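Grab a pencil and work through a few short exercises on the structure below. Try each task on your own, then follow the worked solution.

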Amino acid sequence: MIIHDFLPISESNGYGKRFVVWVQGCNRRCEGCFNQDMLSFDGGDAVSAESLFSSVPLGDVCGVSVSGGEPFEQSDELVHFFSLAHKAGLDTLAYSGYTYDELMRKPAAAAALRVTDILIDGAYEKDNPPIFAWTGSGNQRVYHLIDGKIKSEASNAEGGDGEIIIDKNGNVVATGIFDGSFLKHLL
C-alpha cells in the first residue's frame, strides 16, 4: 500500500477512536479537495498491510479508517489491510470520491467493499456543505455495509467534526471536517 501518512488515534474520521490511514494517489481530482498533497501517485511510502497494521494500537481503537487520496485506487491492498483489521476484531471504514454504484462496477473495488463495514462515498463538492459529521460535502453518503451490500444509510446528521492533535514531538495535525468559521480563526 502506498500511504501518505497515518494517525494512531483519531476521533474525527468515523465513530469512536480509530486508526486512520491516508493513501497516496487519486485519479478523481475533485475541485477544492482538501488533501491536495495526496492526489499525485508520486511520493508516499510503500508499506505492506502487515507492517502498517503493526502500528495499530490494538485495545485503544475500535476500528480503522482509510482516506486519501483514493483508497479504492489500491483495492487489493485495502482488502488485505481490512482483512487484518477484521481478524483483530476491528471494524473498517473507507472514504471514496466514487459512488457505491461506481465502485461496484469495478471488480477489485467491489471485492474491497465486501470487507468494508462503513463506506463514505461521493465526489467532494466544495460549494455543498456537509450534512453528516464525517462527510466533506452534502452529496456524500454514509453506508453501513455487510458483505459489500448496503444494510443501511445514515446521511442526515449534523455536519462538521474536526480535531487538532499535537503529538509528543510538537507536530500539529488537523483532521476531520471543520466548518469555515473555525478555519478563519485558525488562520
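## Exercise 1: A loop residue

Task: find where Arg29 is located and say whether Arg29 is buried, partly exposed or exposed.

Solution. Start with the location: Arg29 sits in the loop between S2 and S3. Keep in mind that this is a predicted model. Next, take the accessibility. The relative accessibility of Arg29 is 45%, and the partly exposed class lies between under 20% for buried and over 50% for exposed. Arg29 therefore counts as partly exposed. Finally, look at the backbone: phi of Arg29 is near 55 degrees, which is a positive value in a residue other than glycine.

## Exercise 2: Laying out the sheet

Task: work out the order of the strands in the open sheet of eight strands, and name the ones at the edges.

Solution. First get the overall count: the protein chain has five helices and ten strands. Eight strands make up an open sheet, in the order S3-S1-S2-S4-S5-S6-S7-S8 and with mixed pairing. Now go to the two ends of that order. S3 and S8 each have a single partner strand, so one side of each is left without a neighbour in the sheet. As a reminder, strands of a sheet pair through backbone hydrogen bonds, either parallel or antiparallel.

## Exercise 3: One hairpin, step by step

Task: describe how S7 and S8 are joined and what happens in the turn.

Solution. Begin with the direction: S7 (residues 141–146) and S8 (residues 149–153) run antiparallel, and four bridges join them. Then match up residues across the pair. Ile146 stands opposite Lys149, and Tyr143 faces Glu153 in the same way, standing opposite this residue of S8. Last comes the turn. The two strands form a hairpin with two residues between them. Asp147 is in this loop between S7 and S8, and has a positive phi of about 50 degrees although Asp147 is not a glycine.

## Exercise 4: Into the core

Task: which residues have the most contacts inside the largest nonpolar core, and which elements supply it?

Solution. Start with the core itself: the largest one has 30 residues, and Val21, Val64, Phe72, Phe81, Phe82 and Leu119 have the most contacts inside it. Now list the suppliers. Strands S2 (18–23), S4 (63–67) and S7 each give at least two residues, and so do helices H1 (49–53), H2 (75–87), H3 (100–104) and H4 (107–113). H2 gives the most, with five residues. A second, separate core has eight residues, including Leu93, Phe132, Trp134 and Val142.

To zoom in, pick Leu119. Leaving out residues up to four places away in sequence, Leu119 touches Phe72, Ala94, Ser96, Tyr100, Leu103, Leu113, Arg141, Val142, Tyr143 and Leu145.

## Exercise 5: Two serines

Task: are Ser10 and Ser75 buried or exposed, and what is around them?

Solution. Take Ser10 to begin with. Ser10 is found in strand S1 (residues 2–10). At 0% relative accessibility, Ser10 counts as buried. The side chains of Ser10 and Asn13 share a polar contact of 2.8 Å. The C-alpha atoms of Ser10 and Val64 are 9.6 Å apart, with their places 54 residues apart along the chain.

Then turn to Ser75, which lies in helix H2. Its relative accessible area is 5%, so Ser75 is buried. Ser75 touches Ala108, Ala109 and Ala112, not counting residues up to four places away in sequence.

## Exercise 6: Reading the rings

Task: what is the geometry of the Phe34 and Tyr124 pair, and how are the rings of Phe81 and Phe82 arranged?

Solution. The structure holds eight aromatic pairs. In the Phe34 and Tyr124 pair, the centres are 5.0 Å apart and the planes are at 80 degrees, which makes it edge-to-face. Phe34 lies in the loop between S2 and S3 and Tyr124 in the loop between S6 and S7, so the pair ties together parts that are 90 residues apart in sequence.

For Phe81 and Phe82, the centres are 6.3 Å apart and the planes are at 35 degrees, so this pair is tilted. Both residues are buried. Ring pairs also link Phe81 and Phe82 with Phe6, Phe19 and Phe53 into a cluster.

Definitions and conventions:
Residues are numbered from 1 along each chain as its sequence is written. This is a predicted model: local features need pLDDT of at least 70, side-chain atom pairs count only at pLDDT 80 or more; totals for chains, interfaces and linings use all residues. Side-chain values use heavy atoms; hydrogens and water are left out. Two strands pair if DSSP finds at least two bridges between them. A nonpolar core is a set of buried Ala, Val, Leu, Ile, Met, Phe, Trp, Tyr and Cys residues joined through side-chain atoms within 4.5 Å. Buried means under 20% relative accessible area, exposed over 50%, partly exposed in between (1.4 Å probe, protein chains only). Contact means heavy atoms within 4.5 Å. A polar contact is a pair of N or O atoms within 3.5 Å; within protein, one must be able to donate a hydrogen and the other to accept it, and residues adjacent in sequence count only if both atoms are side-chain atoms. Rings of Phe, Tyr and Trp (its six-membered ring) pair if their centres lie within 6.5 Å; planes under 30 degrees apart count as stacked, over 60 as edge-to-face and the rest as tilted.
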